[in-house]
Amino acid sequence: MKPFELAVIGMGVMGQNLARNFASRKIRTVVYNRHSERAEAVIKAHGNEYLDFRKDLKSLVRELETPRKILLMVKDGSPVDEMVTELLPHLSKGDMVIDSGNSNYKDTIRRTQALKKEGIEFVGMGVSGGEEGALKGPSIMPGGSGKTWEALAPFLEKIAAKDFGGMPCVTHIGPDGAGHYVKMIHNGIEYGVMQMMAEAYDLLKNLYGLSASDIAKVFHGFNRGMLKSYLFEIAVPVLSRKDDLSKGYLVDSILDRAGQKGTGRWAAGDALDRGMVLPSITEAVFARSLSAMKGQRVELSKEYKKPTVEPNIKVGEFVSLLEQALYAGMISAYAQGFELMRAAAQEQGWPLDFAEIARVWEGGCIIRAELLNFLHKAFVSAKGKPTHLFAISPIRKALQEHLPAWRKTVAMATEAGVPTPALGTSLNYFEGMTQEVVPANFIQGLRDYFGAHTYERTDREGIFHTPWNS
Ligand code: 6PG
């Protein structure tokens, strides 16, 4: 029998589906799971000449073509380290261990360096698309060396989703932790976009009193226009699903406490550490944390009644404003994400290609959207120059067109007491970034007054301190 071309370790749904995807492209794939019954069950249900399992790591490794390509799809953190430790005695120089989970890029850098000493290539690879994407075509963001990319590309290109031009949604992101870093930014943007969608839902529900099914219709309309995307598409079934356990719509019975596994928080923390500005994503993380404070919210809501505001425009007109605000807000979130990636690329020495990153997000991943094709083309037109997204001509035109609606939407929400942390902060980021003079001069004055922290001047070079009390 011919040796296997690739192994997948970890038979959770994502691992299973990735393995089945490889096998469906006629790539001889062998799977392993710590509890072998699970791997056995996968093979019983889906096994064929391209898909088999092995009960122990030794036989799995022995039966792989060299250099070996072993994909891990296990939980991030210590399970990855444990699996690498178990594998190591069986591996030979040049073998590749590919971590396809949502690992922290700092762990990926550490593992890459540690395994390099053993002659093993470690690849941190972002994979997006959820269960369905893993099976039918994810967006793939591999880091690792150029050599590993050459070896893996033929396999990854076969299983990846397709972009708007029909090319595979996979590209070599950069060395060591670059792939996981870009996946972290993807997830952060996913947080930001979902939060803005939730704010739109809240406004339609609380400002205009629309039912879940009416809001589904609005989102359906959004998904036929400039907001066309996977998340807006799935908003429709999520909002229109009837509840099996009670009367009404399921969404109305789902507790308003959002979970989070950490990638959004990592992105926000990374921006703070690098002195970068990532408010849309950070506010989305805060909004999830705030949602978890259910008990306090219930108590405090009894003390503070919301204002009763009659909106002065009809719902149809508001829907159009909202669509534009969401579009512009999303561009703002992307701009922040790309600026953070620019800073990281510089500090880590990663040659990140923004046009390519936008391109591989066009298909397969959770944030896939028409907008990504627009951003991809915008970055192509910038020809690799380090240009802020807001400065690229087609983006500038779009923002200028939608700005009045964006401002009006946030103003209406504020007046009605409906919180719009992500839409609002996306707008504030825009306002700040496009304002020649911000009030930091005043802050500098205060800092110098109480702590002699010094300041610079607008009209001459140098560092100044004023004896304010003399
Ligand atoms: C993807 C998703 C995936 C996962 C998120 C969810 O790209 O396929 O982003 O990675 O769904 O990490 O994260 P939270 O549980 O933190 O919302």
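**Exercise 1. How many bridges join S4 to S5, and in which sense do these strands run?**

Solution. The model examined here is predicted.
Step 1. Four bridges join S4 to S5, and the two strands run parallel.
Step 2. A particular pair illustrates this: Lys69 has Met96 in S5 as its bridge partner.
Step 3. The connection between the strands is to be examined next. Together with helix H4 (residues 78-87), S4 and S5 form a right-handed β-α-β unit.

**Exercise 2. Determine how S5 pairs with S6, and decide whether the side chains of S5 are buried or exposed.**

Solution.
Step 1. S5 pairs with strand S6 (residues 121-128) in the parallel sense, through four bridges. Within this pairing, Val97 stands opposite Phe122 in S6.
Step 2. Helix H5 (residues 105-116) joins S5 and S6 in making a right-handed β-α-β unit.
Step 3. In a regular strand, side chains alternate between the two faces of the sheet. The two faces must therefore be considered separately.
Step 4. On one side of S5 (residues 96-99) are Met96 and Ile98, and on the other are Val97 and Asp99. These residues are all buried, and both faces of the strand are covered.

**Exercise 3. Describe the strand partners of S2 and the surroundings of its residues.**

Solution.
Step 1. Strand S1 (residues 6-9) runs parallel to S2 and is joined to S2 by four bridges. Ala7 stands opposite Val30 in S2.
Step 2. Strand S3 (residues 51-53) also runs parallel to S2, with three bridges between them. Here the bridge partner of Val30 is Asp52 in S3.
Step 3. Two β-α-β units involve S2. S1, helix H1 (residues 13-24) and S2 make a right-handed unit, and S2, helix H2 (residues 36-46) and S3 make a right-handed unit as well.
Step 4. From S2 (residues 29-32), Thr29 and Val31 point one way, while Val30 and Tyr32 point the other way. All four are buried.

**Exercise 4. Characterise the surroundings of the ligand and name polar contacts with the protein.**

Solution.
Step 1. The ligand is surrounded by 15 residues, of which Ser128, Glu190, Tyr191, Lys261 and Arg288 are the closest.
Step 2. By class, this shell holds nine polar, four charged and two nonpolar residues. H8 contributes the most to the shell, with five residues.
Step 3. Contacts with oxygen atoms of the ligand are then listed:
- The side chain of Tyr191 has an N or O atom 2.5 Å from a ligand oxygen atom.
- A polar side-chain atom of Asn102 lies 2.7 Å from a ligand oxygen atom.
- A backbone N or O atom of Gly130 lies 3.2 Å from a ligand oxygen atom.

Step 4. The ligand taken alone exposes 410 Å², and the protein buries 81% of that.

**Exercise 5. Identify unusual backbone geometry at Pro67, Asp176 and Thr454.**

Solution.
Step 1. Most residues other than glycine have a negative phi, and most peptide bonds are trans. Departures from these two patterns are therefore what to look for.
Step 2. The peptide bond joining Thr66 and Pro67 is cis, with omega about -10°. Pro67 is located in the loop between helix H3 (57-62) and strand S4 (69-72).
Step 3. Asp176 has a positive phi, near 30°. This residue is in the loop between helix H7 (146-159) and helix H8 (178-206).
Step 4. Thr454 likewise has a positive phi, near 70°, and is placed in the segment after helix H20 (440-451).
Step 5. Buried residues have under 20% relative accessible area and exposed residues over 50%. Asp176, at 24%, therefore counts as partly exposed, and Thr454, at 26%, is partly exposed.

Technical notes. Residues numbered from 1 in each chain as written. Predicted model: local features only at pLDDT ≥ 70, side-chain atom pairs only at ≥ 80, totals over all residues. Heavy atoms only, no water. Buried < 20%, exposed > 50% of the residue type's maximum accessible area, 1.4 Å probe, protein only. Pairing = 2+ DSSP bridges. Right-handed = clockwise from strand over helix to strand, strands pointing away. Near = heavy atom within 4 Å. Polar contact = N/O pair within 3.5 Å; in protein donor to acceptor, adjacent residues only side chain to side chain. Areas by Shrake-Rupley, 256 points an atom, 1.4 Å probe, with all protein chains shown as cover. Nonpolar A, V, L, I, M, F, W, Y, C, P; charged D, E, K, R; others polar.
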